[in-house]
Structures are given as C-alpha cells and as structure tokens.
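Visitor: Please take me through one helix closely. Then show me how aromatic rings pair up elsewhere.

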Amino acid sequence: MTWAYQDGSSKMLELVNQGLYQDQTDQYAKITDCVPRAAMQSGIGVENIIPAGTAVQNGRTSYIGDAYNRDGYHLDLIHGRYTASLTWYAKIFGKSPFDVSYRPDGMSQFCADMCKTAVAKALETPMSVTSLQEDFGVNPDAVFSVLDRPVFINFGLDAGSADSAGNVWNSITSQVSGAALRQVFNNKGYGTDICVTVEERFDGIASDGMLYEGSDFVMPDKAARSSFYGSGRSAVMISGLYPGQAYDMKVYASSAQGDKSTFRFTGGNSGEASLETAGNSDKTVCVAGIVADEGGRIRMENMSGNGGVYHLNALAIIPHLSVPGKKAVYINFTEPDATQESGWNNVIACQSGFEMPVLKYADGSPSGISLKIAGSFAGTTSEGAAETQTLLNMPASVSETGFWVNGVEKDGILAECGEVVFHGLDSDAACDIHFFGSLTNAAEVYEAEYSTFGRTDNFIALNCNNNTSLTATLSGVYAAADGSLRITVTPGATSADRYKVGYINAMAIMVPAMIDIEPFEPVAKDPWDGKSVVQPRVDAFGNYLIYCGAELAWIAERVNKGTPVDGVKLASDIDLGGQPWTPIGYGSWFNGNFDGQGYHIRNMYINKSDLTGNTHFCALIGGTNNINSSIRNLYLSGRIEVPTNMVAKAIVGSLIGKANNIGSISNCHSDVRFIVYGTPGYVGGLTGFMKSAEVKNSSYSGIITVNGTVTNGLGGLTGCTNSSVAGVEAVFNGCSFSGNIDYKGSKAPKYVGGINGYSNITAGSETITNNYISGTISAGGSNKGVIVGLRKTPGFFCDNNYYLDDFGYNDAGGEKATAAEFHSGKVAYLLNGDHSEMLFGQNLDRSESMPEVYTGGNHVYKVTFSVAGKPYDTVYSNAALRLPPAPEVAGKDFYGWEDADGKLYTAASVISSDLDLSARFSSAIGSLSESAQTSIEIIGNVMVVKSQGAPSTLVIYSVDGRVVMQVQVSRSDTEIPMPALPTGLYIASCAGISCKFSR
C-alpha cells in the first residue's frame, strides 16, 4: 500500500487542482478503499496487504507531523523510509517491528520507537489510522527556543509583504488539514522554531477582506484581504513555542459578508474572544497571556459565534519578555583571602557554624537563600585545576580552591563528612545541582560522593583526580517542606588513595524562576569586516542560526580548529563584504548539515596562497567527509582568485572544494566568479572534486577564467568524480550549467565537461540525467565533452540531458536543442522525463526565460493542437493557457479549441494538466460542413451524419458552450432525430467538423 502525499505540497496541490483529491485525508481514504479491492481482484488477498501507507499516516499523528516526505511525495530519507521498510520487514517475515535494533544515523531512540509503534498499529488495523499523539505527541529531545519578538501570520493565498514599516509577514497558503508553514520569521526577519499547522481544515480561501485601518497592526493590503473561512469548526496548531512562556494572541478577521468569528486558544491555559467580521476594517481582538504547554504548543480553534461562516485573516503572536527558567546560585568553597569573583558566593570557612545569610544570584540580585556549614570539613586545598571547561564556567580562583573530607585519619584529622544546609528554597519547585571537585598532579582515584536530603534523598559520585571538565549533576531535587536542603560531602566508595579523600571546589544551585529576556540583535552587522567572530544562537534542534558574516566566521573558525558543528542554518542574507574568507573546513572537514533556507551569501572573496592538494580545499566550504551530511537551499555570489603560487593538484569549487563524502547537494545556486592564475588540479563551478553524492536541482551561472593552468579536471558543475571504494554512487539530476568557461592558459587541461570534467568511479556508478547546458565553454584538451569530458566509470548512465551548443565536443548522453525550444518551455517539459518527479518549471510569461527549479507555480504543461485530425501545433503553457494562431479553413469559420469531451478552451482558460485539443469550425446556418471523412446535414427534424472514418462522438452545444447532447457515430450513416430543443442557435460538432443550426 502506498502513502498519501504531503498536504499543502506542490504535488498535492497539483492533484487537487486536477480534481483527483480534496486533500491528504481524502487521498488516504481513496487508497484504503482501492487497495483491498485490488488485492481481492488480483487474487493476492487482503491479508497480504503491506500497510506502509497506514504506518506513514499513523506516524503523521506524532510530533513529526506531516513531514514524512522530502519533496511532497517521496518519503523522507530517515523516518519516512525507516517506517516503510519496517512495515515490509514485519509483514513479509511475520516479525515484530520492535525486534529491529537498527535505527538510521541521526535518529533518536524515541523517534525509532515512534516509527515502530506506527508500524505495529498499522499491522493491527491496516485500513484505519491510529493516533500516536498521546505517547509520541511531543519530542522529549527537543530543545525549545524563546520567542523574543512578535510573529505576524497571514492566512490565505497571498503572501504578506516585508515592507510594512519593517515588519515581516509569514503566509500559510493552504487551508487543508496537514498544511504547514515551517519557516516562520519574527517581525525583524530572524528565523524562529515556530511551525503553524492546519489541524482541522477550513472550507476555503477568500480574498474579500477589508484593508486594515486600525492601529494594532501595520498590515500589508494582501494580508488584510486574504483569509481562511469555514463553517462548523477549524483548528490551527502553533508549535515550537517555549513551554511556559506567555503570549498575547491578537487576531484580525474581515470579510464582505461574514458572520461573528470566535477564536479559542488552548495551551497551558485557555481563553477566547469573538469578532464581527462583516465590513470590519479597524477592529482586532486580543486573547492575552496564553501559555504554551509543556510541548511548546498553543491550539487555536475557529468557529462561528452565530452558526454562520467564520474568517481568519491575520494573527500576531506577541511574546511576554519573561520566561520560566532557572537562575544560578554559584558557590565557591575557598580560603579567607580568596578573590571575590563577580557572580560567585565565597564560602571562606570550612568549620561548622559558618553562615551566609544572603546568597546572591549570578546577576547579583538577592536569592532569598541562606547557607550554613553544619558539619566541618577536614580542611581546604588550593591544588585544584586552574583551567577548566565545564558548564559552571569557573575562573581559576574558583576551580583551584576547595574543601576536602577523608575516610582515614590524615595529619591528625579525620572528617568523614562535611555538611552544608540551605534554607529559603521553594519546596514545590525542583532544583538542579551541579558539583565540581578537583585535585591536580595525583595518580590515585580521589572520589567524592555528594548527597542531598530534602523531600527525597539523592546522591552522585565524582572522580576528582586531575578533573578539568566533569561535573556531577543531580536533577529534580526538592527541598523539604520547610524550604531546607541538607547536602553532605563524603569520600566515594571507590576512592583508592591512602586517606580516602574527596573534594568539593564549587557548586551551583539552579533555582526555578522567571527570567527576563531582551530581544535578540546580532552583535555584529553586515557587511562583515573580515575580523569579527561572534558565537551564534542555537535553535531547538541544535543548529547554529546565522544572521551575519561574523557568526558565519565563528562557524569557520570552530570547524577549522577541529571542533564538530552538526548543523548550520542561515536566518538572513549574509554579506561577507569582499573580505578575505577562510573556508569552513580548511585543514579539517566540515561534517555537518548546512541549510541556507533560501538565503543568499554575497561578496565572498577567497585568495589563499597556502592551498595544498592534501589538506586545504578552496570554496565556501573547504572539505566535507560525511555521507550523512547535506548542503541545501543556498545562493552564493562572490569571487575566487587562485594565485600564481598555488600548489599543483589543489582543488577549487565555489560551494565545496573537496566533497570527499557528502550525502546530498540540493537547490544550491552559484554565480561565483573564478580567476585562476595558478595551477590547481581540479576546478568546478560548484565542487572541485566529488566522490559519493547526489547533486540535485542545483546550478552554476558564473564565469571561470583560467589564465594559469588547470592540470586535470575542469567542469561546469564539478571538476571530477573519483573513487575506488565499492558501492560509491554519484548522481547529477535536475541541474544546469549556464555560465562561461574561458580558458586562456598555455597548457590545456586533461578533462573538460559541461557537467563533469572527469568521471572515474572505478568500483561504483555515476548517473547524469535530466540536466541542461546553456553556457559556453572555450577550452582545449584531448578529452572534451558537452556533458562529461572523460568517463572511466564502469556503471555510467547518461540520458535526457539537453544542451544549447556542442562547442565541437563529444555530445554523448545529451541532445541538442535550439534557443527557441529552451525559451518555449519544451526543454523544461522534456527534462522532467516521465513526470513522476517534477524537477524543472519555467515562467513562460517572461520572454527568453529558461528552465528553472520546479516550484509548482511554474509548472509547464504540453498542449497539442490538431485540425481535422492532423497535427497543427504544440504549445507549452503555465496554468494560463497559451494558444497558437487560429487556423484557416476555406469556407469555414474557426469557432475555438475543444478537448475530446467537447469542452471549449479560450485564452482565458486555466489548465492543470496536459491537453490534446482540436479545432472546432462552423459554417452558415443550415449549411453543410464536411471533410473527406465526415459530413453533417440537417433535413427537417433529422440530423444526418455521414462518417467514413473511425467511430466518433457527435456533440451538440448551445452557443454559450454548454453540452446539450452527445451521440456515438458509427462508420456508416447515422440519422439522429432532433430532440425538442428550445428555440435558439446550436452547434453540432463531430470529428473536427462543426455545423451551426437554429431551432
């Protein structure tokens, strides 16, 4: 059983426009209706159905939501494919999905358990959905980000404008269940973790709202006019909010003839308000102080206040700038003359009776907590680690000093237990407590055990020997009913030194409290100054969010020092200011994921004289070496200069220098200018060198000028694909090279190609399909190809590629097309192959447009036109139908174009599929229209159709194009008694011949 497609995706919208489905729910219902009947008719039996589609639908009820597809219909490469393959395994082998221990790299155990549960429930009830919301509705591994600025959302077809007094609007464009807006920005244009999902569908989309004239919003006209509307009840889920943070939810609703609309918000609390929408142009309602639940969610229900039609035009989510969190009380166990560090409370005596009546938070404010030494420690130490890396972020004066206890008498002292008592804690609020102990230059195990006694008892141990990075943490600690918490420090059970010594140098009590926040602003501004390095923020999934060049430089510096970075997301366009850029992964590998989110990195400038073939690679990202990494959704501009002292065999690209390993490069576009003075080994528009990867929907449109020498491979997209590892696969699919390669060097490169200079995957395969080359190449060399220069890959497949000029090169694997064929939409249509996957679209309203990445709105349809059964013209159209010149037939008037069902198409028609249309002609009233095969004659109340061709259909229309009657006409003469038609004019049409008559 297959699965339903992603709601709101371009693929689903295409099928909805064709009238096949209403939405994902409808598609799933039709799948489950069809599959059992097909199983019975084929003799397979319903008991042998593999319910992969139901498993996927079950999974969509979890926290993952409608994110099971990578492109709207193919399954996501991690949880999507994992769910489907588990279903096949469990059904075919009769096993439980929980027997499988494997899970894909990067998938949490919780997600794996969710997928297995989705499969198990599908096996139990294969033809109906089982909700996983109760057990898997919230991802426990999620790290939530605080919303610090308002978010504005428009509901409807028209996206909001970004120029309304500096406020950025987000538009969710589909009203069907499951439709989601995942890339939501705050009013300053900074990315957030918020996702808006339609949980219960609206009836439709309207555009009759009034322009907003009130003062609560600065709202673009498009946002004010468009709305979702419905009757009954609809619901929207807002997720990715910070649990416990409060938000004011402000709504605008307006329509020409709407009714009262009610909006109910439910999170950790609930509230509702209503608004009269008819003619409204200045009123909003605000439901204040709605708190996000523990999963970071607020649900908005929409309904009519009086049983009519409700509308939802716009929503503002306005955060309260205080959030539930934990404030730190830092405690330094030290000596009397110790430095008083800012933010730390110094405990300067280790003997019983010492008190600190007021402990301060790290920000200097009083905490209301007091401390008393209730049991003496054995003594103090100043031999702790001076340099530490822990979450306590201790200065040396804190980490070096501490107290100790011992289990065996040492120097006449025996203190088996030191005891500290705190008062003033909230007994109903859980604290987290971190302990640090350290002694340097010792070979034994100095273990300390830290115990807490409050509502419950807890303990944890820590090896203090030469400790510089470890802390012992007790989470969820509650004070006793009177607000007291007793903590003891004792020697650990595994202390191995002679005296059984344990240490405590510092501790922190993380106390629940409301934390005031300030709206985020990048520390540095673009354009980048070439020097500033600023640590970026991290989103809910651990990705670094990049708002400016200084933050991107921090990523480069961190990676190049050997510290892994798992994920990078651009949250704004970046201007690198033309300052010298050091690649991310320069002398090391970048092994994370990089998502440009559709943003543009501009003015990148690279001129590195220390590039070598072994360690340094030239590009935005120098080198990658992780098959699970991806680079996607990025636009890149700038300049790369390869100096004359370049070491031979160095590797140069604009996006990645050496992709030693990478999973995928998708939707990445570069027009970086290359000027080569030195002698690099490989140069490619996107990558210099590549092993195993899929490059999809990507392009290079810049200029590569070679004044020096490229010694090996030179390619429009990549200089070389090369590997001797078994199973390696390189794929180029849906890409284009429209740039220019101008080779002026004295020595020609070995390999030159429009897509790939040199294919040499000796134990694997390479596929180059559905790409086009419209750029120019001027380069000598013995191995030159329009598509690929030299191919040594045994499993090499190259097909359905198109090019504008062959440059006099080998053109194997490609087909030449004219500029007119490119501009007309023909090539874009052909590049999509069998149209099972849409790669290219084209905006045919623009003259001399070229194929571009498919977005749904630029879909190219093929429309063939025929006259009297003979081909007349083929026109490629977007949704607005384009027509050829009207045909001329002697003695007949051209009436229009019709399909096989007699539906008439005009220049005002909107289409959603390929079409075959034929010309309809008419002659004078009562006259005969004929061809060599068919004639129509009216004799009294009888219409006589004479046909010598294949059987066809006679259609009678009213003059406004409505079908009045249809009759099947055989090869012989057919007499058709005329029905009692009302008085008027009619048109009879059959086999391309038409006759106008009156009744």
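Guide: The buried residues of H5 pack against helix H3 (52-59), helix H4 (79-93) and helix H6 (133-136). Helices here (H or I, at least four residues) and strands (E, at least two) are DSSP runs, numbered from the N terminus. Buried means under 20% relative accessible area, exposed over 50%, partly exposed in between (1.4 Å probe, protein chains only). Among the buried residues of H5 are Phe110, Met114, Lys116 and Val119. Helix H5 covers residues 109-124, 16 in number. Its span from first C-alpha to last is 22 Å, close to the 22 Å expected at 1.5 Å a residue. That expected span is 1.5 Å times one less than the number of residues.

This is a predicted model: local features need pLDDT of at least 70, side-chain atom pairs count only at pLDDT 80 or more, and totals for chains, interfaces and linings use all residues. Residues are numbered from 1 along each chain as its sequence is written, and side-chain values use heavy atoms, with hydrogens and water left out.

Now the rings. The whole structure holds 37 aromatic pairs. Rings of Phe, Tyr and Trp (its six-membered ring) pair if their centres lie within 6.5 Å; planes under 30 degrees apart count as stacked, over 60 as edge-to-face and the rest as tilted. Phe377 and Phe403 have ring centres 5.2 Å apart and planes at 55°, so this pair is tilted. Both Phe377 and Phe403 are buried. Phe435 and Tyr450 have centres 4.6 Å apart and planes at 5°, so they are stacked. Phe435 lies in strand E22 and Tyr450 in strand E23, so the pair ties together parts 15 residues apart in sequence.

Technical notes: Contact = heavy atoms within 4.5 Å.
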